[in-house]
Amino acid sequence: MATVVVTGASRGIGAATAIRAAGTGFDVVVGFHRRAEEADRVVSACVEAGARAVAVGGDVCDEARVAALFDAAAGLGPLHGLVNNAGVLARQSRLADMDADRLRRVVAVNVIGALLCAREAIRRLEAAGTPGVIVNVSSAASRLGSPHEFVDYAATKGAIDTLTIGLAAELGRSGIRVNAVRPGLIHTGIHADGGEPGRVDRLAAGVPLGRGGDAAEVAEAIVWLLSDASSYVSGALLDVAGGR
């Protein structure tokens with residue numbers, strides 16, 4: 001079976017994507033940073049779904065650890081794709097109150113980490129001469145801006161949108177498709193990281209569909225983009241945001 005690398009896959013959208021990908025016939029590398037036990041549970045769920053899977057820890061800002069993700073993928077089988085999902089945010093704040101350390105970390109993980117992972121995937125796919133897929137996980141924040149909360153995070157997701165458009169044009173003749181999903185208000189643990197675990201419930205009334213989304217709903221869109229069912233889709237920014 002072909003293999004996909006999913007970064008930030010120990011929880012939330014990444015975990016749901018890894019498990020859904022496993023259920024549709026992909027072997028999976030479960031990338032994680034600190035949550036080893038959670039990553040192991042995702043691996044077990046992937047195996048139960050009929051796939052081979054392995055967890056690989058490390059910071060996506062570390063080139064050696066990024067290479068290790070793809071080395072692990074090679075051990076499972078031919079590389080098919082990358083889900084560039086790893087991302088961080090900090091506590092809700094106005095930009096005027098953010099320090100440089102916070103800004104550096106958010107940009108490093110969300111932008112540089114995504115660039116490094118995409119670069120490694122491209123190198124491996126082009127060296128093998130095989131088509132492949134990169135799905136970047138952006139955010140509806142890239143077009144909403146997240147004022148008074150996460151302007152820094154939103155700005156990094158704007159960079160991911162631009163990366164998606166540029167890489168799709170750059171790689172099309174190599175047979176590598178590049179797309180992004182832009183989740184909206186999704187029930188995941190990242191909101192607790194921002195200091196408000198109940199943020200989705202607070203804002204759900206402003207969503208045209210009247211509710212927050214589930215990680216599994218985003219995973220369905222990502223796995224569709226990984227699949228041959230989306231074979232003529234590249235350079236797309238797919239909102240999974242309930243109409244918001």
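## The sheet

Seven strands line up as an open sheet in the order β3-β2-β1-β4-β5-β6-β9, and the pairing is parallel. At the edges sit β3 and β9 (237-240), each of which pairs on one side only. From one strand to the next, the twist averages 20°. Keep in mind as you look around that this is a predicted model.

Take a look at the β3 end. Here β2 and β3 run parallel to each other and share five bridges. If you want a spot to zoom in on, find Phe32, which stands opposite Gly57 in β3.

## Helix α3

Helix α3 covers residues 63-76, 14 residues in total. From first C-alpha to last it reaches 21 Å, close to the 20 Å expected at 1.5 Å a residue. At its start, Asp62 points a side-chain oxygen to within 2.9 Å of the backbone nitrogen of Ala64. At the other end, α3 is followed by Gly77, which has a positive phi, near 160°.

Plenty of side chains to check here: Val66, Ala67, Ala68, Leu69, Phe70, Ala72, Ala73 and Leu76 are buried in α3. What do these buried residues pack against? Their partners are four strands, β1 (3-6), β2 (27-32), β3 (53-57) and β4 (79-84), along with the helix α4 (100-128).

## Helix α6 on the sheet

Moving along to α6 (residues 151-171), you'll find this helix lying across β5 (132-137), β6 (176-183) and the edge strand β9. Relative to β6, α6 runs at about 160°.

## Two nonpolar cores

In soluble globular proteins, nonpolar side chains tend to be buried together. In this model, the largest nonpolar core has 34 residues. Which of them touch the most other members? That would be Ala18, Val28, Val30, Val181 and Ile222. At least two residues apiece come from β1, α1 (12-23), β2, α2 (36-48), β5 and α9 (215-226). Helix α9 gives the largest share, with eight residues.

Val181 is a good place to start browsing. Leaving aside residues up to four places away in sequence, Val181 touches Val135, Asn136, Val137, Ser138 and Ser139, plus Val218, Ala221, Ile222, Leu225 and Leu238. Apart from this core lies another one, made of 30 residues, including Val56, Ile122, Ile160 and Ile176.

Conventions. Residues numbered from 1 in each chain as written. Predicted model: local features only at pLDDT ≥ 70, side-chain atom pairs only at ≥ 80, totals over all residues. Heavy atoms only, no water. Expected span 1.5 Å × (residues − 1). Buried < 20%, exposed > 50% of the residue type's maximum accessible area, 1.4 Å probe, protein only. Contact = heavy atoms within 4.5 Å. Polar contact = N/O pair within 3.5 Å; in protein donor to acceptor, adjacent residues only side chain to side chain. Pairing = 2+ DSSP bridges. Axes fitted to C-alpha atoms, helices over the stretch in contact; angles between N-to-C directions. Core = buried A, V, L, I, M, F, W, Y, C linked by side-chain atoms within 4.5 Å.
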